[in-house]
Amino acid sequence: MVSRFSPDARLNVGIVGATGLVGSMMQQLLAERAFPVGTLRLFASARSAGKQMEWQGQTVMVEDAATADFTGLDIVFFSAGGSTSRAIAPKAAAAGAIVIDNSSAWRSDPEVPLVVSEVNPDALATIPKGIVANPNCTTMAAMPVLKPLHAQAGLKRLTVSTYQAVSGGGMEGIDVLARQIEAVGDAGRELAFAGDAAFVPAPEKWAVPITNNVVPLNYVLGEDGYTEEELKLRDETRRILDIPGLPVSGTCVRVPVFTGHSLSINAEFERPIDAQTALDLLGKAPGVVVSDVPNPLEATGADPVFVGRVRPDPTVEHGLALFVAGDNLRKGAALNAVQIAEVLCGRG
Ligand code: A2P
């Protein structure tokens, strides 16, 4: 671990993507968790350069990330999309900062640790490129729940269906849902009886309209008819839980919920595990709260992930079915990034 990171040190922190949803949540969490910030610098695209933002009573001017000099920063959080991270994160790392990147750009790089703070913090022992990757928001919600179950019974296979909020698609996702709800208005009642084209908004951002609807094709198709999001769920789960080759079949669905991702999980294990044992383990798991009816509204604004509906899955020998909900902007993105920084400076 780099020596300047100690529990008493004040760290100079940068946020790239500071004007976005996750970047804003990062600023909120740094304040909420009293992270020991020396200087805070904010970065976004050239469009936002010169904009003034308030943080803890200070006015901070947004800088253009493309032309910025990152010298003097200890930690730089990135949440500005994969291409920005690919292009700029190595510059911030070369200037001496540890980069904590929320995009998918570095998650499969074996020299970049992919970390969930409660699950595999030991992966932070070596950071060869000066970059740490924050997992995808959907994978993230499942990890604190699956870790103790895997430790007990050995995870053998996963089938997951997701119910993902629009804020996972950034500010644009929120705007699209808000606009479509407004456009449909009271006429939405008519859709209960007939899919009358007059009441169906045009699709924006996703394959089909998001209001009064669900979108089972969430972004781009990858291998074997699975979407990139579904492949991230598979690949990142394998890396974080250290189970190479774990069979994972995901169906990632976007739903008209503003914030809070949910997952219906069917897990098969090597060894027997009953629902009560699972609930006992989950009741003690860090970052997890057991709930009778986990749901996105309950999860929104909360740090832990919520798990419930734990029951046997009788379709396999040692199987459990369960339901998870988590705030995709907090644990799913900004919170885990800040928690990684806390682990780095011994405050985790
Ligand atoms: P900007 O506001 O200047 O476009 P969200 O995912 O909530 O939409 O936020 C995306 C964030 O990423 C914003 O802060 C946005 O800045 C930033 N961003 C987008 N493209 C770039 C880029 N090419 N360089 C730096 N920041 C970028």
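User: Which of the 15 residues around the ligand come nearest?
Analyst: This is a predicted model, where local features need pLDDT of at least 70, side-chain atom pairs count only at pLDDT 80 or more, and totals for chains, interfaces and linings use all residues. Residues are numbered from 1 along each chain as its sequence is written, and side-chain values use heavy atoms, with hydrogens and water left out. A residue is near a molecule if one of its heavy atoms lies within 4 Å of it. Of the 15 around the ligand, those that come nearest are Thr19, Leu21, Ser45, Arg47 and Ser48.

User: How many residues of each class does the shell around the ligand have?
Analyst: Ala, Val, Leu, Ile, Met, Phe, Trp, Tyr, Cys and Pro count as nonpolar, Asp, Glu, Lys and Arg as charged, and the others, Gly among them, as polar. By class, the shell has six nonpolar, eight polar and one charged.

User: What distance separates a polar side-chain atom of Thr19 from an oxygen atom of the ligand?
Analyst: A polar contact is a pair of N or O atoms within 3.5 Å. For the polar side-chain atom of Thr19 and the ligand oxygen, the distance is 2.5 Å.

User: Is Cys137 buried or exposed?
Analyst: Buried means under 20% relative accessible area, exposed over 50%, and partly exposed in between, with a 1.4 Å probe and protein chains only. Cys137 has 14% relative accessibility, so Cys137 counts as buried.

Definitions and conventions. Polar contact = N/O pair within 3.5 Å; in protein donor to acceptor, adjacent residues only side chain to side chain.
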